[in-house]
Amino acid sequence: MVDGSGPGDTSNTIRYPQGLYVTQKQTVFVADSANHRIMEYKPNAETGRKITGKNILDDGVNRLDRPSNMLYDAMSKTLIICDTGNYRVLRRNMKNNTYTKVVGESIACFGLAIDEEGAVYVSDIARHEVRRYLPGSELGTVVAGGYGQGRRLHQLNRPTYIAVGADQSVYVSDSLNDRVVKWGKDAEKGIVVAGGCGKGKDLTQLYCPTGLIVDRSGTIYVADHCNDRVMRWRAGATRGEVIAGDKYVSGCSAHELNGPQGIAFDRNGNLYVADSHNHRVQCFPIQKD
């Protein structure tokens with residue numbers, strides 16, 4: 001993957017990557033945030049290809065401003081992009097390079113997810129909530145948060161990355177509350193499923209969680225951003241385990257991370273990490289059993 005020879009804006013360098021998405025065909029999309037572009041990396045390719053963005057922030061239809069996340073919608077063969085700095089969510093048709101807005105209103109978007117019905121979920125870091133948008137509708141419904149900024153169980157504090165279960169439960173990296181919370185379908189408040197014990201390096205704690213994955217068994221994988229590690233929390237566990245990065249310090253060697261953001265698994269169980277402050281994407285083989 002991107003080897004950390006950056007920061008840079010060439011086809012083989014990136015600058016402060018955030019969200020990641022890996023397709024079934026092993027194509028990796030990267031939100032190259034500080035370069036204001038989305039990059040695509042094919043399997044075994046030595047360089048990437050710029051999908052959209054002009055390496056300069058702008059609000060033109062084919063330009064981006066600090067994109068934080070994207071996902072590939074296999075049903076419609078489109079790329080959904082969280083164009084954070086422009087307060088919009090865009091859908092890019094991969095065949096004809098046209099763009100449409102997913103969200104009708106201005107939104108301080110950050111995280112994205114999609115469910116089996118094709119509904120798109122967007123986290124709003126200004127309103128401290130997550131909204132669900134049905135296909136074809138630009139008006140969303142609040143499914144997590146929505147009660148202002150705070151740390152009570154019906155509130156969120158800068159929700160960033162999100163994941164959605166098969167039952168439409170919403171999992172949120174509640175970043176400034178140092179926890180991951182789960183909101184069941186139609187729930188009025190969440191439950192803490194990882195962290196929530198204050199900032200710190202203990203295995204019961206998180207410090208500004210970011211990238212998030214939840215598998216079908218309920219196991220949570222979360223990038224513990226300020227602790228420079230990725231953790232795994234099995235369903236019902238009160239403490240996690242470190243699966244990538246050093247347990248205690250940041251670094252730039254192959255086994256270390258520095259400010260991890262987005263995470264994703266490929267079909268072979270390899271974990272991809274946007275190692276943001278090292279300006280690279282790392283790949284770790286993970287034993288999932």
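Three exercises on this predicted model follow, each with a worked solution.

Residues are numbered from 1 along each chain as its sequence is written, and side-chain values use heavy atoms, without hydrogens and water. Local features need pLDDT of at least 70 and side-chain atom pairs pLDDT 80 or more, while totals for chains, interfaces and linings use all residues.

**Exercise 1. Describe the secondary structure and overall dimensions.**

Solution. Start with the elements: the protein chain has 23 strands and zero helices. Strands are DSSP runs of E, at least two residues; helices are runs of H or I, at least four. Next, take the spans: the C-alpha trace covers about 45 × 45 × 30 Å along its principal axes. Then test the radius of gyration, taken over C-alpha atoms, against the globule rule, 2.2 Å times the number of residues to the power 0.38. A compact globule of 289 residues would have a value near 19 Å; the protein chain has 17 Å, which agrees.

**Exercise 2. State how much of the chain is buried.**

Solution. Apply the cut-off: buried means under 20% relative accessible area, with a 1.4 Å probe and protein chains only. Of the 289 residues, 56% qualify.

**Exercise 3. Dissect the largest nonpolar core.**

Solution. Define the set: buried Ala, Val, Leu, Ile, Met, Phe, Trp, Tyr and Cys joined through side-chain atoms within 4.5 Å. The largest such core has 15 residues; Tyr171, Val180, Leu206, Leu212, Ile220, Val222 and Trp233 touch the most other members. Now map strands: β13 (159-164), β16 (191-195), β18 (220-224) and β19 (229-233) each supply at least two residues of this core. Finally, inspect Val180. Leaving out residues up to four places away in sequence, Val180 touches (heavy atoms within 4.5 Å) residues including Ile191, Val193, Leu206, Leu212 and Val222.

Note on methods: Buried means under 20% relative accessible area, exposed over 50%, partly exposed in between (1.4 Å probe, protein chains only).
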